[in-house]
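Q: Please take a close look at the space inside this protein where ligands might be held. I would like to know what lines that space and what surrounds each ligand.

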Amino acid sequence: MFIDEDSLNGILEEADSPSEEEVAAVLEKGAAMEGLSAGEAAILLNSDGDAFREKLFHTAARIKQRIYGDRLVFFAPLYLSSHCVNDCAYCGFHSSNKAPRKKLTADEIREQVECLIAMGHKRLLLEFGEDPKANTIDYICEAIDAVYSVKRPDGEIRRANLNIAATSEGNYRRIKEKGIGTYQLFQETYHRGTYKTLHKGPKSDYERQLMAMDRAFAAGIDDVGLGVLFGLYDYRFEVLGLLSHADYLQEQFGIGPHTISIPRFRPADGVSMKPAHPVTDEQFLKLIAILRIAVPYTGMIITTRETAAIRETAFNIGITQASAASRTEPGGFGKGAVKGATQFSLSDKRTLDEVAISVMRQGYTPSFCTACYRKNRTGETFMDLARPGDIHHFCQPNSILTLMEYIEDHASEEGRKLGLKTIERDLGSMENDKLRSETEARLTRIKGGARDLYF
Ligand code: SAM
Ligand code: SF4
């Protein structure tokens, strides 16, 4: 078993009260962008204080900048069904919560997708509760089809990532055939005892959850996303759990996780559980920076569970993808919003345009790029490009092109002005002259009405 609790606890104990020299050595190794072992990460996890924090953030920010540049990729979650047979103590959809449930029909899905496209979204994360009767694999496949079927003059969904409960290799093959982007599944907690206490229903099987990615790989899915729900157990143990899982996938399949998500517990209607190990803002930002240094080439996702202020700092020290303008109930977008169970409450309720403006003011380039998976740059191919930093050559022009589409089709006046300035700055920073002039030519085509141009 690749999660060995005694060994992870031993690593944390051994790294207890590290010296300044040990911390400096780990940060120096991290700065070389070759990642960290669990023991090295534990040294950082066990360190605190203002001076340490400053150095940690500085190292993480440099890595982030060197590998990902100024880009920040946006997506929105789309909740399809709140029916769920599991009784996860932390979640608003847990089965003993008697709040009304909602499962979207194909027409309702298309309506929701229209709203999301109108905002400017091109990338969604589809979310379902686990219910073998209500949310069958056929329903999930039809829902994916419905999402991709919506084509509007101002855009379409080009990449649907998926978050469904752990399932069989056969079912993973079905969703792979539907053309999903990343398959995400969070372990919630790598600590077996805590996992047992908080889950009832089919999800209570720790091994089923832990080994799900093996079945996904066997089914041909090669972009997978890991995650932990922070607050359930000691965050230091959970970070080592994530790193062990990432190492295991790398060894077993030659491909590490495409993304790591770091949801932090939020209150939810109908949920009385209080997190036993609440993670403070300071600890949360620290763990983001440590993950950035430990797995430099793995994308990191933050959601609207977090406040605008936390997100702003998190973008600097490691986050590469962010959700914006989210709702956590099926049917939550648009005027005819349906009332029913929400999964959890949100902290950042700004519109996509407001978030885009704020990140541009911070110096980032909002990106709506979906090119890699459509160009088959997934799994090993993606990692081979990402590791030497070559992926930057595609990502930078693609972020510029998708930002121009956003400006043309969706942005407010302020968004437009800032967007054009951002594009000008990014074009100026492109080192490859040929690529710059090709990007400029495509920008002219987008202004003339062409869409969906990518490298
Ligand atoms: N039913 C699928 C499953 O359990 O894997 C989809 C999960 S749910 C739609 C997405 C994630 O939200 C969960 O995996 C969990 O980590 C997170 N989540 C659930 N309740 C939460 C809460 N109260 N606060 C923050 N995140 C929560
Ligand atoms: Fe259901 Fe997922 Fe919520 Fe658990 S986390 S109650 S499985 S929707």
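A: The answer below starts with the cavity that holds the ligands and then turns to the other spaces.

This is a predicted model. Searching the whole structure gives three cavities of 30 Å³ or more. The largest cavity holds about 700 Å³ of space. Ligand 1 takes up space that is this largest cavity, and ligand 2 sits in the largest cavity as well.

The lining of the largest cavity consists of 45 residues. Nearest its centre are Glu127, Asn163, Glu188, Arg305 and Gln343. Among the secondary structure elements, β1 (71–81), β2 (123–128) and β9 (299–302) each contribute at least two residues to this lining. The most comes from β1, which gives four residues. Sorted by class, the lining of the largest cavity has 23 nonpolar residues, 14 polar ones and eight charged ones.

Ligand 1 has 18 residues around it. Of these, Tyr90, Glu188, Lys203, Arg266 and Gln343 come nearest. Glu188 and Gln343 are also among the residues nearest the centre of the largest cavity. Three contacts to ligand 1 can be described atom by atom. In the first of them, a polar atom in the side chain of Glu188 lies 2.5 Å from an oxygen atom of ligand 1. Lys203 also uses its side chain, where an N or O atom is 2.7 Å from an oxygen atom of ligand 1. With Arg266 the partner is a polar backbone atom, which is 2.9 Å from a nitrogen atom of ligand 1. Taken alone, ligand 1 exposes 560 Å², and the protein buries 96% of that. The shell around ligand 1 is made up of nine nonpolar, three polar and six charged residues.

Ligand 2 is surrounded by Cys84, Asn86, Cys88, Tyr90, Cys91, Phe93, His94, Gly129, Lys203 and Gln343. Tyr90, Lys203 and Gln343 therefore appear around both ligands, as a residue counts as near a molecule if one of its heavy atoms lies within 4 Å of it. The shell around ligand 2 has five nonpolar residues, four polar residues and one charged residue.

The second largest cavity comes next. About 420 Å³ of space lies in it, and its lining has 26 residues. Those nearest the centre of the second largest cavity are Val73, Arg123, Gln321, Phe382 and Cys395. The elements that each supply at least two residues of this lining include β1, along with α4 (50–68), α15 (371–374), α16 (379–386) and α17 (392–409). The strand β1 thus supplies residues to the largest cavity and to the second largest cavity. By class, the lining of the second largest cavity divides into 14 nonpolar, eight polar and four charged residues.

Last is the largest pocket, with about 460 Å³ of space. Its lining has 25 residues, and Ala325, Ser326, Arg327, Leu346 and Lys349 lie nearest its centre. Two or more residues of this lining come from each of α5 (106–119) and α14 (352–361). The lining of the largest pocket has ten nonpolar, eight polar and seven charged residues.

To return to the request, the part that holds the ligands is the largest cavity, which is the space taken by ligand 1 and the place where ligand 2 sits.

Notes: Residues are numbered from 1 along each chain as its sequence is written. Chains are lettered from A and ligands numbered from 1 in the order in which they are written. This is a predicted model: local features need pLDDT of at least 70, side-chain atom pairs count only at pLDDT 80 or more; totals for chains, interfaces and linings use all residues. Side-chain values use heavy atoms; hydrogens and water are left out. On a 1 Å grid over the protein atoms alone, a cavity is a set of points where a 1.4 Å probe fits but cannot get out, and a pocket is an open set with protein on both sides within 12 Å along at least five of seven lines; lining residues have an atom within 4 Å of a point. Grid points are joined across faces, edges and corners, and a volume is the space filled by probe spheres set on the points. Ala, Val, Leu, Ile, Met, Phe, Trp, Tyr, Cys and Pro count as nonpolar, Asp, Glu, Lys and Arg as charged, and the others, Gly among them, as polar. A polar contact is a pair of N or O atoms within 3.5 Å; within protein, one must be able to donate a hydrogen and the other to accept it, and residues adjacent in sequence count only if both atoms are side-chain atoms. Accessible areas come from the Shrake-Rupley method with a 1.4 Å probe; for residues, only the protein chains shown count as cover. A molecule sits in a cavity or pocket if more than half of its atoms lie within 2 Å of its grid points.
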